[in-house]
Structure formats: structure tokens, C-alpha cells
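Me: I am a first-year student and would like a careful look at a single part of this protein, with each term explained as it comes up.

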Amino acid sequence: MFPQIVAAVLLLLSARLAFLSAPEEDNGLPEKPELSQILQLFVLGVCYIFLIGKFGFLIATFFSTAVVFRLFGLRRPMGLLIVALVTPVLLHVVFFVLLGLFPPFGEWFDLIDILQGG
């Protein structure tokens, strides 16, 4: 549940930041490109929560990381591949190895099972 809780909190905080940080004379909505990014991040957050439940932490974070970095401007395929590979591994090591949290396992498939030989 930890990654899902973090994703939900990030969604709430980003929505709060987007709508409450607008100047008083605005209509309360950010400019069109920013609003589009907010909606894309919201959809990605919902998809990420679904993917974690079905495919586990590593696969869900791999795909979500690539989409987020592409959304925020990283366009080089090799750069996207590198961050998509490194981010889930680093997060796995920090949260599930060093801190001892239990990773969310996938219902349909989980890469952790294969990597641990189970």
C-alpha cells in the first residue's frame, strides 16, 4: 500500500498546487499546457495504482517513470530507458531492502518472483 498512498498524496498535492497557487485575478485554472500536464499526471497516477496491483512495483514503476520523464521533457530514447531502469531499482533498494518495507506484489505477474527465483 505504501506506493499507492504516496501516489495518491502526490496527486492531491499537485492538484492543490495547481489550483490554489493561481493568482487571484485568474479564473482559478492554470494555462492550457499546464492543465493538460496535470490531467495526464492524474491519469498516469490512476494507471500506476492499477499496474502496481496487477504487475507489481518494478514493472509499474518502470513504465510510469518513462512516461513521467517524457511528459516533462526528456525525449531521448536512451535517456528514457536509463531512468526507467534505474529508478525502480533504486526505489526498490531504498524502500524494500534498506528500510525493510514489503513490496506490493502483482496479482497477475510480478518480476520480483522471477528475480528471487520463486
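Me: How many helices and strands does the protein chain have, and what can be said about helix α3 in particular?

Reply: Before the details, please keep in mind that this is a predicted model, in which local features need a pLDDT of at least 70 and side-chain atom pairs count only at pLDDT 80 or more, while totals for chains, interfaces and linings use all residues. Residues are numbered from 1 along each chain as its sequence is written, and side-chain values use heavy atoms, with hydrogens and water left out.

The protein chain has four helices and zero strands, where helices (H or I, at least four residues) and strands (E, at least two) are DSSP runs numbered from the N terminus. Along the sequence this gives the pattern α-α-α-α.

Helix α3 covers residues 77-98, and because a helix is expected to span 1.5 Å a residue, its 22 residues should reach 32 Å, which agrees with the 30 Å between its end C-alpha atoms; the expected span is 1.5 Å times one less than the number of residues. The helix also bends by about 25° at H92, the bend being the angle between axes fitted to the seven residues ending there and the seven starting there.

H92 itself is buried, with a relative accessible area of 17%, since buried means under 20% relative accessible area, exposed over 50% and partly exposed in between, using a 1.4 Å probe and protein chains only. Within α3, G79, L80, V83, A84, P88 and F96 are buried along with H92, and of the 118 residues of the protein chain, 29% count as buried. The C-alpha atom of H92 is separated by 8.0 Å from that of P103, 11 residues apart along the chain. Just after α3, G100 takes a positive phi of about 75°.

Helix α3 also has a part in the largest pocket, which holds about 600 Å³ of space. A pocket is found on a 1 Å grid over the protein atoms alone, as an open set of points where a 1.4 Å probe fits, with protein on both sides within 12 Å along at least five of seven lines, and its lining residues have an atom within 4 Å of a point; grid points are joined across faces, edges and corners, and the volume is the space filled by probe spheres set on the points. The elements that give two or more residues to this lining are α1 (2-20), α2 (32-71) and α3, and α2 supplies the largest share, 10 residues.
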